[in-house]
Structures are given as C-alpha cells and as structure tokens.
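Hello! Here is the structure I promised to pass on to you. Please open it beside this email and follow along as you read.

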Amino acid sequence: MIHRLDFPQTAVLMSSLRRQYPFHLIEPKWQRHWEAEQTFRAFNPGEAVPDDHPFAQRHGAGDPAAAGRDWPAKYYILDMFPYPSGAGLHVGHPEGYTATDILARYRRAQGRHVLHPMGWDAFGLPAEQYAVKTGRHPRITTEQNVATFKRQIRSLGFSYDWSREVDTTDPDYFRWTQWIFLQLYHAWFNPGTNRAEPIDTLTYPPECDTEAERRAYRDERRLAYVTEAPVWWCETLGTVLANEEVIDGRSEVGGHPVVRRPMRQWMLRITAFAERLLQDLDTIEWSASLKEMQRNWIGRSEGAEVDFALADDQASDEAGRRHIRVFTTRPDTLFGATYMVLAPEHPLVDRVTTSEQRAAVEAYRAEVTKKSDLERTDLAKDKTGVFTGGYAINPVTRGRIPIWIADYVLISYGTGAIMAVPAHDTRDLEFATKFDLPVVQVVQPPDEATDWRGFVEAGISVNSTGPEVSITGLPTVEAKRRITEWLEARGLGRKTINYKLRDWLFSRQRYWGEPFPILWRKDADGTLYHEAVATADLPVLPPPLDDYKPTPDGQPPLARATDWIQLPDGAVREVNTMPQWAGSCWYYLRFLDTRNADAFVSPAAERYWMGADRSTPGGAAPAPGIDLYVGGTEHAVLHLLYARFWHKVLFDLGHVSTPEPFYRLVNQGLILGEDGQKMSKSRGNVVNPDEILVEYGADAFRLYEMFMGPLQETKPWNTKGVDGVYRFLGRVWRLFVDEGSEQDFEQQCAVHPEADPALLDGLRLTAAIREVEPTDAQLKALHACVKKVTEDLDGLRFNTAISAMMVFVKEAIAWEARPAAVMRPFLQLLAPFAPHLAEELWDRLHAHLDQRAPSLGYAAWPAYDPARLVEDELELPVQVNGKVRDHIRVPASATPEEIEAAARAAARAQPFYAGKTIRKVIVVPGRLVNIAAS
RNA sequence: GCGCGCGUGGCGGAAUUGGCAGACGCGCCAGACUUAGGAUCUGGUUUCGAAAGGAGUGGAGGUUCGAGUCCUCUCGCGCGCACCA
C-alpha cells in the first residue's frame, strides 16, 4: 500500500502558499494508482498476464508463449542497489535511479518488456557496530533503515517492479548466496579447459593413495579454499579485510590502520579467471576509464621466470642445488643483472645468509616487520636493504652476483625475488647507486643522445654475449624471445604471465553477514577437515546473540553461540562470515525470479532476461546480459570484478547462459554540495531529498537531477536551480489547465488544507485544447521535440532533452489553439521525466476529449517525421575569411551556384572584401558560405 | 612518478562528420500586471566600445577557406594506480 507523503505539517503550510501546480495531490494519487494497478510488474516466461493489465492491453493477455506469440524484446535496466544506511537517502542516490527510471519508462513506451527492480544490500558493518554499542539486533536496525530508504525511494515515483524486491539479509535470499558459495566450493579450475568444473572431474596423481591425501589434494584445488596466510587484520574493525579493501595501509572503510598477520582464512580463486576477466572486457560496453581500472587491477604482465643457481650451496640432496626463481618482464636484460634481491620474507633468505651477515639480516628483517605497510610503501622513500653474504650465478654470464634483501621487493608479487638490472630499471638503479653496486649497460637506446643509464624502454641489446648464448645486436622484442627460448631449452626458465590480482580473501570475523555453510570434522588421525552443509539444510542462519563483539580470545562473534557451533554429531560450524560483497555478487540474478523457492533462478527466466534467447522478432536483439547497469565509480574494481568472477563460475557450471553479467555499464557522476565540496555530514552540506520534495515535488526533483548536467559528470547541487525546472512544470500545467477552474481549485485547497486528490476533480482543461488540425508550424515544433528527446534519450543526454521540451512549451504556450494531436504526444515525451504530472494531464486530456485514456506508461512512443522538419527556406550565414558578415535567405532547394550568387550579393558582406581578390568561395549547402579574399 | 578524464559567461551547462560559440536553466537588469511578491508575463544579459567595429572557449604555437572541436608544447584541476620487477 502506498503511504501518503508524510510532509512535516509546517513545511506544507509555508510552501503551499506559492505552488506552481498541485503536485502534492497529483503525486500521491498516481503513486497509489500504479501500486493498485501493478503497472510496472514485469512478467516471467510462463507467467499469465492478467487481462486488465496495461502490458496485456499492449502486448496481449494471458501467457504469450502459450498463445504462440512471442514475447516483446526484454530490456533489463538495473541500479546498483543501495546499502540502507541510517542517514537515509541523499540527493546523490536518486541521480542514477532517476536516469534508469526515465530510460525504463522510455523503453516500455517503445514496446520493450522492461525489468527494473530494486533491493537492499543490507548486510554490513554499520548495523553491526551499532549493535555492539547498543545491544540492538542488527536485524532491527536494518529493517528500520530499509523502511526509510524504501519510503524515500517510493516517494520519487520510480517504476520499479516492487514484487521483485530483494534483501540480502533475508534468509530466503542468503540461502542462495550460501548455495552459490557451495558451487564454488564444489568446483575447481581446470587449466586444460580454462573453465571451472565440478570437483569430481578432478583426477588425482598416483602418489595420493590414501583418502586423506586425496582430500588434501582436492581441498587445495577448490575455488573456495582455506589457507593459512598473512592477511590484513584491522584491529579497530576487529576483522580481516581483502586486499581491495585496504588503501595505503588503512581500511577502506573508516581509514583504520591494518597490519599483516597470518590467519586461517577462506579464499576464492579469482586469480584463475584473471585472463578471462581481462579478455572479456573487450566484449562489453563499459567506459574506457572503467575498463582501464579493471585492467590495472588485474595487472597482467608478460615476461619470463628465470632460475639463478646459488653459488655456494652445499646442498647435495636429491633435489640438487637450490636456485632462486625470479620473474622479469625484461629477460633481454639478463646480461645486465649484477645482483639479486629477495623480499625480506623470502623463504630462501635463511639459506643464503652467511654467518657473518646473519646479525645484519636479522636486524633488517625485524625492522621491516615492525614497519607498517604504509611506511613500507611510502612515497619516494629511500631504498633500504642489506647484503646476505650469499651469491648466485647469472645463468648467461656465469658471473657470481651478490644476493641482497630489500623491502622494495614484495613477497606477494611474482616470485618474491628479482634479478636487479640497475642500468635499465629505475628502482634497481636507485638501489645500486646507494649501495655502490655495479651498473652494466646491456641496452642501447635508439636515440644516440639518450643516456643509457636508467633507460627502461626498448632498444638494441649490447654487451649481451656469454659463453653459451648471445643476443647482442638484437632489438628488444627479438632479444626477449631469443633469450627466453634459450632458457627454456636449458630448463633454466620459461615464458610466464603474471597478474597483480590476488585471490579473494572471503572470510570476515563479523556477526552481520552470511554464515559459511561449512562444518569442520576430525578424521581418524585427528586431522581437522571441512565439509559442505547439505543443500537441503540451507540456509544456515546466524545464531541469536546478546553480544556482537569478538570473543575475549579473539574468535569471531559467532563463536559466542556455543550451542549453535556444536552439532550433535560432533561437527563444529565455521564461525567466519562472508564479506558484504557476497550478497551483491549475484542479486541481479535473483531479480529475474525473486520468489523461486527451488532454485536461485529458473533457467527459463534466466535465459529470457539475460538475453540468451535472441529470437525476438519485432525488437532490437536483446543484449547478452543486463542491458544497462548504472552506479557509482566507487565499485569500479571491487563489486564489479567480484560479480563478474562469480558470474563466470556460474556460467562454466551451466547455471547462467551469458559469460558476462553487465553488458553495458554507466557510472553516474558525483553530486557535490552547494559549496562545490563533496557532500558530508561533517561539512554540513548534505541535501536531503525529502526537503526538496516538500517544496517542489518529485517530478521537479527528478527533472532537476537530470537537468544539472551530463549524467556521467561530477556537478554541484544548487537548490535555486530547481526553481527553473519547477517553473517549467508550472508552465506545462498552465498549458493544459483552464485558468478560471484553477482559481476555484486554489480556493478549495485553502478551505480544505488536508491533501485530498478528490479536489483535483474540479479542474478543467483549457478550451484552447481542441481537436483541430495542427498547423505546419505546430507540427514542426512537435516533431523537432520528438526527434531531440528521442535521440537524447538514446544517448543518455537527459539535460538537453529537457531543454528541448522547455523550448517546445515556450512556443506552445503562445498558441491560441493547442491541437490535441500535438499536445498528446508531448505528454508522452514528458512522461518518463515527470510521470506524475504527465499522467494527470494525460488522464484529463482524454476526459476533455471524451476519450478513454490508454495507460500512459504503455502507450507507443511517438515517432517523428523528418519531412515535418524540412524548411522551405534557409537562412545561411555569409562569412568573409571565416567571420560572419551577413545572412542570406535561400530556398532549401537552392543549388550551390545559386547560393554562391546570393552570397556575393549580400550587401553587408561586400565591404569586407571590396578591393580584394576573391580567392575561393566555399559553399556548404544547408550550413554556410565562406568567401575567402585577400 | 605513471595512466585516464576535464578546463567554454557571475553560476550549472549547450554546440552533428571541423561550419553562425554561449541553446536551456539559475542569477542579474528593465518593464507589465499588482496593496504586496520568492507569483506570473514581456524584453535584455560573453566582453570592450556611443556606434561602426574589435576581442573571446586555461596559455603558446600549428593544420585549414574555416578550430571550443584536429595536431604539438605548456599550465591548472579532478580521478585512478602507486617500489607490481
């Protein structure tokens, strides 16, 4: 049921004095109507469409599939669903929502079957922190916040199909989040097929002959696996964080310090999909900058791994001499490798360190661990490091080179060790200079004048001849290839591709998240192992708790629920929970079939809405995936990368039919405060939509959000600016409504201050609106507007579409007769932008004409006739040397020769070339004439 | 440091493939209707100039009959990445 807009009473009294039009009655009226009629319901394949639904009136009733009809082409348009915070909506949220709503209504009018849903990403830290402080269950806070968000979003009149609302904290939802986690758990990545496959397709090596060994082998290869690895721990938040959630050594949320600490954690094997996540970016329509961010994050780099033997290694065990494996993108500079550097954490450090150097090495390592990661990666800081005393053999020069440790080499990237080529690597050069290590040129810059020291680009190899191989004289690309082939032939190295992307740390030590559907058991040997909760036992609900803090011994809060953890058969539950990203990784799929109790989505619904069935006559081919996804840039890597990853796993396992979820994605720009600063509570520049709605109404608010500027740009809010679009709506109102009846109406309003839509019934439309033949000028104004609005909507240029409507209204308001055949299509153009006002006037227009009003949302979008736009006569500027000097009027059919003759005759232009020679006359038909004279 | 994006009136912003810079809106100025106006309507509003005319899209060059748009350099702002070998 639609609530009334609960305006604060005083504000209503103050603002109602000068209302441009009675939006306070119109808006609740139509919101209630849409709710009652279920106007914006989208129907799934196989679902019966009620006869009286407007969709049925346009596209046919009943089950179109059963009736042998085809479904209209689908259009799936999605907003990034919000985290319902306690602060409620601010004007930034509805920017994207308004844009998508306008497009949803536009596509619906064009006959597309539109899916436009909304939901709540409601697990998360604020509700939990609030619970820790107050003891109030996060469920209660969450429900309140959802209610606030929903009220605010509904008051804007968006055409969401609310029957598909999802809430990630609803057990009927997260049952499937857990189910998808189990799909990952029960799968492995087969490098042979480059796909995720069920874990039972895994073949075991012969040495795994006990069940325990096979289990260990299997568990190491699952897409969801457990590892004991250094992770980012945030003391303040009391949880670990994913790499992506740590910015400059601080938590992305709240900016708290984080430290590296080894812990047993769940990981998801996103790195296996790095190449596909990268390559498939080419198949989707995202902005170049967003794709670039994802590419950077994935961080593919091609190079070679090279093994450097330890010079004085005493080991003579069967493994033979130990070596240090490095990754380099410049194998062609191998001859210039004059020393090596290991990350301080590298496992071989102990082995290579000599007894004389041990004290120094230990001291350095201790110092490094003390440093926070912020200090370690601090900008432009001095290089530090110590010599280990050990040496390695350069495989091509056969020379002994010293092995150092330094914290500029990261354990987490590549092999955690490098060959240092100071001549052609900036960092190595800096280090070598500081510690006086040799610098040997091996690349000649193409330009003689360029200094070879620190030259890091491609050139010609020099000084690159050893006892067994030479690449001297080869250009860099060739040299890389040759040396890599040689290394491969000798078993000393191989071509390798490295990614910056790390596996996704998936567990959190929190209460308010999805529990893992995992149990721990001990086998006969007392070894702990994990197993999946049976699908039938999902969802695993979080236990009730009174205290949401971690346990005193540092266990996650779920460990407090001792009864819940312990199963009767001796199994123990996993006490970590999933990160907030889990729920948002797949919500767009749940929208397709929200209430399905048997599957996360039915195959038929999935195939239809994701566009796998492309046989849709009578419409554009649906996009493979979501047609348009709109949201902020803040999710450029995290959410969008995680969701793409899950989608690919589900695709490989046959649960979804498209390789990518979001075919087209647009980032809306940030809305700044009136002071041009980012909106924030501390700055006190937050604009609350509720206040704008009281003063101006939802339609004006929507219009202003779109009129401010291009959707993708950052732009400042200016409440004064709302006046402009508000006046425009007032002019539209007066374009239709009879002045006399409006005066009576205003008196009625004054007598009955309580908002009652029934009062609207007293209004009449102006007698100027008649069924008369439109003039050519009127048709031209209309068709120009239809063309502009249509094209601008296709290009997401909402601001200029609105301006075109303003131009039309300005012209139309001067007409003594306003032909219904012109005014009616205009309302259709206005409808996506200002749906409440358009519905009211549409309804009245049809009553005025004694016609039955078809449902505005489903009325066919007006077409424009280019023939209506052609002019008989054109006005062209006449330029002399590029400057406009005069104008001429010529018939539209004039030939270039005739235009030139007219231009030469243009009197005001003549003085500017009098006495000069006309060198050339450029005639651009329909545009201008330029006389070049000197 | 590297990568990407953006610089147009007092302000938000318009300007097809290079073709009349400043659409539309805010603000401001003047007028009309008014007891009144944060209402409505009309006109004006880049800048210098009385005008004729000149200048003008961060700055400097270039290509072109013609550049806000293309090219080179440069300055400023924003965003992303940041010892990734």
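Let's start at Trp233, which stands opposite Val240 in strand 8. That pair belongs to an antiparallel match between strand 7 and strand 8 (residues 239-241), joined by three bridges. Four residues lie between the two strands of this hairpin, and Gly238 takes a positive phi near 70° there. Before going on, please keep in mind that this is a predicted model.

Strand 7 (residues 224-234) also pairs with strand 11 (residues 259-268), again in the antiparallel sense, over 10 bridges. Here you can look for Val226, which stands opposite Trp266 in strand 11.

Now for the overall layout. The domain assignment splits chain A into domain 1 (178-297 + 503-581), domain 2 (301-498), domain 3 (719-868) and domain 4 (871-933). Between the centres of domain 1 and domain 3, taken over C-alpha atoms, the separation is 55 Å.

Next, a small sheet to trace. It is open, has three strands in the order 23-22-24, and its pairing is antiparallel. Strand 23 (528-532) and strand 24 (572-573) are at the edges with a single partner strand each, so one side of each has no neighbour in the sheet. Strand 22 (residues 518-522) is joined to strand 23 by five bridges, and the two run antiparallel. One position to find is Trp520, which stands opposite His530 in strand 23. Helix 7 (residues 171-185) packs on this sheet and touches strand 22 and strand 23, with its direction at about 125° to that of strand 23.

Two backbone details are worth a stop. Most residues other than glycine have a negative phi, and most peptide bonds are trans. With that in mind, which bond is cis? The peptide bond that joins Leu538 and Pro539 is cis, with omega of about 0°. Pro539 lies in the loop between strand 23 and helix 16 (562-565). The other detail is Gln38, which is not a glycine and yet has a positive phi of about 55°. You will find Gln38 in the loop between helix 2 (23-37) and helix 3 (54-59).

Then come the helix pairs. Helix 23 is a good one to select, as it packs with helix 27 and with helix 28.

- With helix 27: the axes of helix 23 (residues 719-736) and helix 27 (residues 820-830) come within 12 Å and cross at roughly 155°. The two helices are therefore roughly antiparallel to each other, and their crossing is left-handed. Helix 23 makes the contact through Phe728, Leu729, Val732, Leu735 and Phe736, and helix 27 through Met823, Phe826, Leu827 and Leu830. By class, that is nine nonpolar residues, no polar and no charged ones.
- With helix 28: helix 23 and helix 28 (residues 835-848) pack at an angle of about 5°, with axes 11 Å apart. Helix 23 and helix 28 are therefore roughly parallel to each other. Leu729, Val732, Trp733 and Phe736 of helix 23 meet Leu837, Glu840 and Leu841 of helix 28. This contact has six nonpolar, no polar and one charged residues.

How do helix 10 and helix 20 cross: roughly parallel or roughly perpendicular? The axes of helix 10 (residues 288-298) and helix 20 (residues 638-652) come within 11 Å and cross at roughly 75°, which makes helix 10 roughly perpendicular to helix 20. In the contact are Leu290, Gln294, Trp297 and Ile298 of helix 10, along with Leu640, Leu641 and Arg644 of helix 20. These divide into five nonpolar, one polar and one charged.

Last, please scroll to another open sheet, where four strands take the order 32-31-34-33 with mixed pairing. Strand 32 (883-891) and strand 33 (918-924) are the edge strands, and each pairs on one side only. From one strand to the next, the twist averages 20°. Strand 33 and strand 34 (residues 928-933) run antiparallel and are joined by six bridges. Ile922 has Asn930 in strand 34 as its bridge partner. Helix 29 (residues 896-904) packs on this sheet, touching strand 31 (873-880), strand 32, strand 33 and strand 34, and its direction makes about 125° with that of strand 33.

Enjoy exploring!

Conventions:
Residues numbered from 1 in each chain as written. Chains lettered and ligands numbered in written order. Predicted model: local features only at pLDDT ≥ 70, side-chain atom pairs only at ≥ 80, totals over all residues. Heavy atoms only, no water. Axes fitted to C-alpha atoms, helices over the stretch in contact; angles between N-to-C directions. Parallel < 35°, antiparallel > 145°, perpendicular 65-115°, else oblique. Left-handed = near helix turned anticlockwise from the far one by under 90°. Contact = heavy atoms within 4.5 Å. Nonpolar A, V, L, I, M, F, W, Y, C, P; charged D, E, K, R; others polar. Pairing = 2+ DSSP bridges. Domains from an automatic or database assignment.
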